[in-house]
Amino acid sequence: MQFTPHNYQSYCIQRVVDDPAVGLFLRPGLGKTVITLSAINILKYFRWQVQKVLVVAPKKVAEATWSKEAAKWDHLKHIRTATVLGSSAKRIKALNTPADVYVINRENVEWLVDYYKQDWPFDMVVLDESTSFKNSQSKRFKAMKRVRRFIKKMVLLTGTPSSKGLIDLWAQVYLLDGGARLGDYREHYFDPDQRSRTQIFSYKAKDGAENAVLTAISDICISMKAEDYLQLPDFIQHEIPVMLDAKAKKAYDQFERDLLLEVDEDVITAGTAGVLVGKLLQFCNGAVYSNEGHVVPVHDCKLEAFLELLEQLNGEHCLTFYGYQHDRDRILECLQKHRKDLRVRVYKGVEDEEAWNAGEVDVLLVHPASCAYGLNLQQGGRHVVWYGLNWSFELNDQGNCRLYRQGSPYEKVFIHYLIVQGCEDEDVMATIQDRADTHEAVMRALKARIRKVKEETA
């Protein structure tokens, strides 16, 4: 695919190329990955200024996003990526594989620093979702601080660097400039807030602190404020690749093979087509209904990707479309376990609509068929998440228009699709993009998969 950057993307690419350290504080979906890879391409193959690049990212992002993005664009297809994941032996093998960009999950940063010690080989480091390094007392921050002097170019990527207040900024900016701009951060910009006689538990920003901090880092960070003057599209589509782990992918391939081999491609009816694609999409989402109607969990890969996306949104409200009742139930269970700080509701009627529009809901779970028409939800947020994909372009379009519509107080709306790679999700996404007739698209995709399965088993 040909990459034609928007004006803001060209500006950001040039900043990464020119500046020894820069923070791109841009919303999810604005192309931070392709911006960074484009800059890496220039730095390595046109200016010969970097040799080995390390990307530190959340686990699901590390698994798929960077390699998928490099393969997507014509000008980046020669970029070699290596994912440094899995067991220690697998990580070491990946590190010894020739590549341009090495992608590791943030949990293994300390291991990586200990592995190389003084022989650190990466002259450029990209911290994808840099808020993972906001705690200056964390092991990963201290590990990165130890090798910072070996790094010629540092890039931070995040959508909301200070979601819980200005206090989150110091550690991130320190990794850019070594403390030059913010100095004695707490003393200059904060007053003690909650405290006992002997201990301070929290700090609150002084009057005027936000403007002073943003001014201090304005030369080294392209902040969210940049959205006010950079030319951005009004509707931003964000496709998030999700990789199944080895066990889940093997199970999916077996499930698909057994399912499709029972059907002759020439005699598929609308009824059987619906059953087949429904089963495959259920598997993509993480659970399937048995023949007796019981829910059988098969993996948590998409749930993990959803949690990472919520982390990137940093508290911004999101309208989330699910495909099946077990999707809804598993999402609710997952959020109750891992994100008790979020206010979550399932859309059932007017009360939920009013609560969402009043800003009282962080995650509103909705089935697209129940709210595709007539509902006005644009007051409550600007992020749509498709957890379960839908074959119908009409339902997809109408679902997105719950937020992307006249009367929205937001200038931009972000649509996030969680797409399991190499599975039925990809067929659905291709149909949505082609605006194809749903029935014809389902039949065509199924017949192609049946032929492929039969050829593989012949």
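These legends go with close-up views of a predicted model.

**View 1. The largest pocket and the elements around it.** This pocket takes in about 1200 Å³ of space. It has 42 lining residues, and the ones closest to its centre are Glu-69, Lys-72, Gln-237, His-238 and Glu-239. Strand E10 gives the largest share of the lining, seven residues. Helices H1 (7-18), H2 (32-45), H3 (59-72), H12 (301-313) and H17, along with E10, each put in at least two residues. Sorted by class, the lining comes out at 19 nonpolar, 13 polar and 10 charged residues.

**View 2. The largest cavity and its lining.** Here we switch from open space to enclosed space. Just one cavity of 30 Å³ or more turns up in the count, and the largest cavity has a volume of about 40 Å³. Its walls are made by Leu-310, Leu-313, Asn-314, Gly-315, Glu-316, Arg-339, Leu-342, Asp-362 and Val-363. That lining splits into four nonpolar, two polar and three charged residues.

**View 3. Helix H16, its buried face and its cap.** H16 covers residues 393-400, and Leu-395, Asn-396, Gly-399 and Asn-400 are buried in it. Looking down the axis of H16, you'd find the buried residues within an arc of 130°, so they line one face of the helix. A bit of helix geometry helps here: an α-helix has 3.6 residues a turn, so residues three or four places apart point the same way. The cover over the buried residues of H16 includes strands E10 (235-242), E13 (318-321), E16 (383-386) and E17 (413-420), plus helices H15 (368-371) and H17 (424-434). At the N-terminal end of H16, Ser-392 acts as the cap, with a side-chain oxygen 3.0 Å from the backbone nitrogen of Leu-395.

**View 4. Helix H6 and what it packs against.** In H6, which runs over residues 139-147, the buried residues are Phe-141, Ala-143, Met-144 and Val-147. They sit within an arc of 165° when H6 is seen down its axis, so they line one face of the helix. Packed against the buried residues of H6 are E2, H5, E5, strand E6 (153-158) and helix H7 (169-177).

**View 5. Glu-256, a buried residue of helix H10.** Glu-256 belongs to H10, residues 246-261. Its relative accessibility is 8%, and the cut-off for buried is under 20%, so Glu-256 counts as buried. Once neighbours within four places in sequence are set aside, the residues in contact with Glu-256 are Leu-280, Arg-449 and Val-453.

**View 6. Trp-48, a loop residue with positive phi.** Trp-48 sits in the loop that joins H2 to strand E2 (53-57). Its phi is near 55°, which is a positive value in a residue other than glycine. With a relative accessible area of 65%, Trp-48 is exposed.

**View 7. Lys-117, in the loop after helix H5.** You'll find Lys-117 between helix H5 (109-116) and strand E5 (124-128), in the loop there. Phi is positive for Lys-117, near 50°, and this residue isn't a glycine. At a relative accessibility of 55%, Lys-117 counts as exposed.

Conventions. Residues numbered from 1 in each chain as written. Predicted model: local features only at pLDDT ≥ 70, side-chain atom pairs only at ≥ 80, totals over all residues. Heavy atoms only, no water. Buried < 20%, exposed > 50% of the residue type's maximum accessible area, 1.4 Å probe, protein only. Helix = DSSP H or I, 4+ residues; strand = E, 2+ residues; numbered from the N terminus. Arc of directions from axis to C-beta. Contact = heavy atoms within 4.5 Å. Polar contact = N/O pair within 3.5 Å; in protein donor to acceptor, adjacent residues only side chain to side chain. 1 Å grid on protein atoms, 1.4 Å probe; cavity = no way out; pocket = protein on both sides within 12 Å on 5 of 7 lines; lining within 4 Å. Points joined across faces, edges and corners; volume = space filled by probe spheres on them. Nonpolar A, V, L, I, M, F, W, Y, C, P; charged D, E, K, R; others polar.
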